[in-house]
Amino acid sequence: MLQQAFNGLVGGAFYALLALGLAVIFGMLGVVNLSHGAFYMLGAFGAFIALDSFGLNFWLSLVLVPPLLGLAGVVLERLFVRRLTPLDPLYNFLFTFGLALILQDLVKRQYGVNSQQYPRPSQLDGTVDLGLFTYPAYQVFVLGVSALTCLAVWLVLTRSRVGMIVRAATERPELTRALGIDVGRWVTPVFGFGIALAAFAGVLAAPMRAVNPLMGSDLIITVFAVVVIGGLGSVFGSVAAGFAVGLVSALGNLYIPSLSQTLVFILMAAVLLWRPAGLFGREEAFR
Amino acid sequence: MRNMRWSGGLAVAGLLLAGCGGGPGGGGGKISNDKIVLAVLNDQSGIYADTSGRRSVEAVKMAVADFKAKYGDKAVTDKIEVLSADHQNKPEIANSKAQELYDRQHADVILDVPTSSAAFAVATTAKNKKKVFIDVGAASTELEGKQCNKYTFHYGYNSYMLAHSTGAEVTKDGGKSWYIVYPDYAFGQDMQKTFSTAIKEAGGTVVKTDPTPFPNDNFSTFLLKAPGLNPKPKVLGTMHAGGDLVNLVKQYNEYKLRDKGVDLAVGLLVISDIHSLGPDALAGTRYTDMWYWNLDGTARTWADKFQAKAGVRPTSNMAGNYSAALQYLEAVQRGGSDKSDEVVKQLEGHKFDDVFARHATIRAKDHLLLHDAYLGQVKPASEVKEPWDYVKVLKTIPAAEAFQPQPDPSCSL
């Protein structure tokens, strides 16, 4: 039981990383980034290509791939997203959705729909004794890294000047601007950062999950549910909801496997009935 | 002037004669639209695109070329067209594409159609339009049961074949107790039932069966639970396919279940899955297939030709499409007509051997192709001598034992 709960947290680690990226992007730009899953997939493929074509190992990929894709995110924001944000939100909705399909199909065209091989880093091949039970080392690593990343993002947002500006710009963009802070300057890096987080999750996923063009679209639906549960745009909420949803689906699989497919969405519906803005959301997010 | 008119007349007469006189084997007039049209309808962009998809279209084109080479001038016609369409695994798209292929593009036969729900839709269309449909890609036994009809054939494999070979053989071999996990949709549910039956018949027990969400990328709950079940299962049977299977096997290895005494058996394994995972991830896993490219010299020669064209080794599904197309053309040749009723008559009860189907009979009562199946075992990477050489064939399961011994009584053609 304890082990299963731990399990759920590992699954939740991916939700949390992805949801975190979505939340900062939504908070800062008001854009629901539907291409987030595609960037998660590109992260995993980036790791695969780095290994397959350039012989770069997992650790280098973990350091190199997310910034590179983050940079792609920056370009994307400059060229397209920026032009669409002043318009109806639907435009960016459609744009990012279309982009996801294009990216997916480009990868499909090149590599087919079959999964690609990606080995576990040999340093993390064994198991770790956690006192109460032993657990695959890689999964412990994933959980640890993801928790640290979420914590680091949280600290940056709450303790640093940059974080303060970003939070202020998220909550009251007009007021922040009125105080003489150039909000626009921070929009692009935040978008890139959100994308980099998705890519980071993708690289982490490569050794333990099937690396194929559809891996992102399979996962992202659940992640959207996570973001909604946590409260759209709430950074803390999305992380907490990510881990919580991981936990709930693991326990759901254990006790009521026939329902596990729908459990997350039942949870989402229940949360929305109880708190329409999500667990940690503010009503303002909907304006 | 007069001479010219005469020669023109002669030319027209000659052309007319050539048209009516027709080819050998029963007259060109019996070929509708003066050509045979084979249409491959399958998944060309989704999860099954690499197990069949466009490469099966290539395989069908090879069948046409081989047919023409074999009969030359004696061929019933030399106008044979191959069409293809993407059904995206959706029944409603499969249905409308099938109608379009039969009606507007004059397809004489539709081939492949993976995903059982899509196959049922095409079977119904084939029945209504009285056109031939040979399904290669779908697994459901209902195609030769409740959904069977005069114009539909099921060619290659089905869930009975997979379950009765893998389930029974692994159980007899000491894997007496099973924990089965299956994706929660029609294919998984069907596989779970047939596997459970086969295991019990072979003297084994099914400790537990669990549905998993579909698609799913996290199987840790089930994998953690497996060794703790009471009694502890000796075999983890997975009925997953494609990306789900890859996820499950990666995580099975991560939890080191084999070291904990829980072996892995896979319901439906395609050679491209082994390629995705690397043989070591699956080493020792037993599964059943309808064909293997390195089965023997005949299969290998064909696989070489295929690789030269398509760039990869063929999956059994691609070889199945080749065979189905070839046997369709042979039936047209024998009967001298591509009229559906005549082709069906020629196919029913036909016995043959080809690159793909050995000791094969098309059972007249339910239109199921009976042929030899193979129990394979995945080799460890150290034993893999060449690319794609991942499987050791442990045993040939004779045609008579591989498939349902009796037609399903609910089928009436």
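How far apart do the end C-alpha atoms of residues 128-157 of chain A lie, and what share of the span is helix and what share strand? In this predicted model, the two end atoms are 33 Å apart, and the span is 70% helix and 17% strand. This stretch is one of those covered by the annotation "transmembrane region" in an unreviewed UniProt entry for chain A. The record also places that annotation on residues 12-32, 39-69, 89-107, 186-207, 219-248 and 254-274 of chain A. For residues 39-69 of chain A, the end C-alpha atoms lie 8 Å apart, with 90% of the span in helix and 0% in strand.

Chain B may be considered next. Its secondary structure comprises 14 helices and 15 strands. The radius of gyration of chain B is 23 Å, close to the 22 Å given by the globule rule for 413 residues, so the chain is as compact as a globular protein of that length. Its C-alpha trace spans about 100 × 45 × 35 Å along the principal axes. Of the 413 residues in chain B, 55% count as buried. Among the contacts of chain B that link residues at least 6 apart in sequence, 72% join residues at least 24 apart.

The two chains meet in a contact to which chain A and chain B each bring 30 residues. On the side of chain B that touches chain A, at least two residues each come from β7 (205-212), α7 (220-225), α8 (242-254) and α9 (271-277) of chain B. The greatest contribution to that side is made by α8(B), with six residues. By character, the residues on this side of chain B are 10 nonpolar, 13 polar and seven charged.

The helix α8(B) itself merits a closer look. From first C-alpha to last, its 13 residues reach 19 Å, close to the 18 Å expected at 1.5 Å a residue. The helix is mostly covered, with 13 of its 13 residues buried. Just after α8(B), K256(B) adopts a positive phi of about 50°.

Elsewhere in chain B, strand β10 (residues 286-289) illustrates a further arrangement. In a regular strand, side chains alternate between the two faces of the sheet. In β10(B), R286(B) and T288(B) lie on one side, Y287(B) and D289(B) on the other, and all four are buried, leaving both faces covered. This strand is joined by four bridges to β14 (residues 373-378) of chain B, and the two run antiparallel. Within β14(B), L375(B) is the bridge partner of T288(B), one of the buried residues of β10(B).

Terms used
Residues numbered from 1 in each chain as written. Chains lettered and ligands numbered in written order. Predicted model: local features only at pLDDT ≥ 70, side-chain atom pairs only at ≥ 80, totals over all residues. Contact = placed C-beta atoms within 7 Å. Nonpolar A, V, L, I, M, F, W, Y, C, P; charged D, E, K, R; others polar. UniProt positions renumbered as here; feature names shortened; annotations may be inferred. Buried ≥ 20, exposed ≤ 12 C-beta atoms within 10 Å, placed from the backbone. Pairing = 2+ DSSP bridges. Expected span 1.5 Å × (residues − 1). Rg over C-alpha atoms; globule rule 2.2 N^0.38 Å.
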